[in-house]
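Please look through the structure shown below, paying attention to its charged side chains and to how they pair with one another.

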Amino acid sequence: SIFIISLLFYRNHSLYPSVMGDEYINNIFSKNTNFKDMLIPSYLYFYFYKISYVCETSYLNCVRLFNNLFFISGVYMTYLLAKKLSNNNYSKLIFILLLISPYNIYTAYFLPESMFYFFIWLTFFLTFYLKINKHYYFIIGSFLGFCSLIKPHAVFFIPIFIIYFFIINKNISDTLLNISKLIFSFFLIKLILTIFSDVEFSIFGDYYNKDATRYIDINFFEVLTIFKFFIINLFGVISFLLIIFSLPILILIKNSIIYFKKLRHNKSDNFLVFVLITFIFLLINYSLFSAFSTSYHIQNVAYETPFRLNIRYYFYIFPLLLIICLNELTIINTQQINTKLIKIFSAIIILIIIYFSKNFYPSYHLVDGPLYRALTYNNYFFYFSVVFSIMLVFLYNFKRTISLKIYLLIFLPIIFVISSLPINKEILFHKKPSRSDQIGEYLKEYFHSKIDENFLIIKIDKNKDLPLDNFKLLMSFDKKNIAITDINNLSISDDDINK
């Protein structure tokens, strides 16, 4: 694992900006912006990453250093939870595989995913590690509140925890009181920040609120289109997950039936219920969000399509499935459901995988879904993964333990190691500077040498989106003596512009 971590640090060092406007926005908000001016309420993320400002022209290397530390710490939290619920040796394997996996690419970008991965998995760990007492719900709610200050999407875990606590607790009045504690502590974190930083209280911030307002201004025919896009996106995500996590999902379905039929209850059942609720809620929620976004942007943005699987917003829940698999291999189940029912679900999974393999969606951007992009880089590797996954599902119906060991010890290592190769190659491409990068480096050095002078950068046409190369240039303008404005905000004539 030390060797893998060392390679991760080496790969990320001295990369040039390589992604869309998200990096530029995060760069601006984390450096030159006060709380009041942040359109996205990721205050903890932006404020913490201000530390990278001390690195001056090498600030991106500092950002990636923080990303590495957060991602590795998050994977370690995953390992600790896996060890608590399953076998220690298998947990170590998951730790190594997650470090290798294509999802480590988020450490290479100026994005909050790595920091969020650590905080949300710390929350998961505390949820199943802490003793349930009068402080428990305040602690979980507070950590979810901190998560929402990194990515506001953390608010979607509030209904997940509400449903979860209602299912596992029998006393309704106590459950209502405990849920009130969780909700209160979640919003208290945001309220304290609002009071001390004098910012407007908001869950999603101006940026996402405006998006939501635009998305819901629709007519009946657009509702039908959105529903169609929702089904397309949800089917694509489920099909992708079935290829990679076929056995964990089959186990999740089987053990959920056992749980709700009350055939078995043990210490791992609470975790099972949590994973089930999390996946159902988040997959539906984000597929619906993607459908609304696609419906609004499809006419203006080339890559906005219902077939775009933007998995970045919930990739961090995938390791939960791996722990389900580890738990199944570790615990001896004394009660089983009808084997015919397992075979029916196995057949459904196999049919979905086969259908999707003949109609799989294209990958639009590395950041959208690195594992899916890697899976579809090469048709031979994709169909190999499909066939291998189908064989494991089939084998599980006859040799449960053998199929699980093959999945963990052979299938997952092959998938994660091979898929990491084209992903790393794509990232390492940005070790070499493009013309835009070279200009950006020159401007960065120039502006840092002129700290006593003020500059005004004017965007001529506010109606045109900036190409990616221009975002790279704008990331060079990271000093407080630089202002960027639209030409329409200035009282100057065309003659002045020509001059």
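Is R312 buried or exposed? In this predicted model, R312 has a relative accessible area of 7%, and because the cut-off for a buried residue is under 20%, R312 counts as buried.

The side chain of R312 nevertheless has a charged partner, since it meets E113 in a salt bridge with an N to O distance of 3.6 Å. R312 is found in the loop between α13 (269–297) and α14 (318–330), whereas E113 belongs to helix α6, so this contact ties together parts of the chain that lie 199 residues apart in sequence. E113 is itself buried, with a relative accessible area of 2%.

E113 also forms a salt bridge with K151, and here the closest N and O atoms are 2.9 Å apart. This pair, too, links distant parts of the chain, as E113 sits in helix α6 (residues 113–129) and K151 in the loop between α7 (136–148) and α8 (157–168), with 38 residues separating them. K151 is buried, as is E113, and the three residues E113, K151 and R312 are linked in a network of salt bridges.

Another pair to follow is R400 and E328, whose side chains meet in a salt bridge at 2.9 Å, N to O. This pair connects helix α18 (residues 400–428), which holds R400, with helix α14, which holds E328, across 72 residues. The two partners can be described by their accessibility: R400 is partly exposed, with a relative accessible area of 24%, while E328 is buried, with a value of 2%.

The structure holds six salt bridges, among them the pairs R312 with E113, E113 with K151 and R400 with E328.

Terms used
Residues numbered from 1 in each chain as written. Predicted model: local features only at pLDDT ≥ 70, side-chain atom pairs only at ≥ 80, totals over all residues. Heavy atoms only, no water. Salt bridge = Lys/Arg side-chain N within 4 Å of Asp/Glu carboxyl O. Helix = DSSP H or I, 4+ residues; strand = E, 2+ residues; numbered from the N terminus. Buried < 20%, exposed > 50% of the residue type's maximum accessible area, 1.4 Å probe, protein only.
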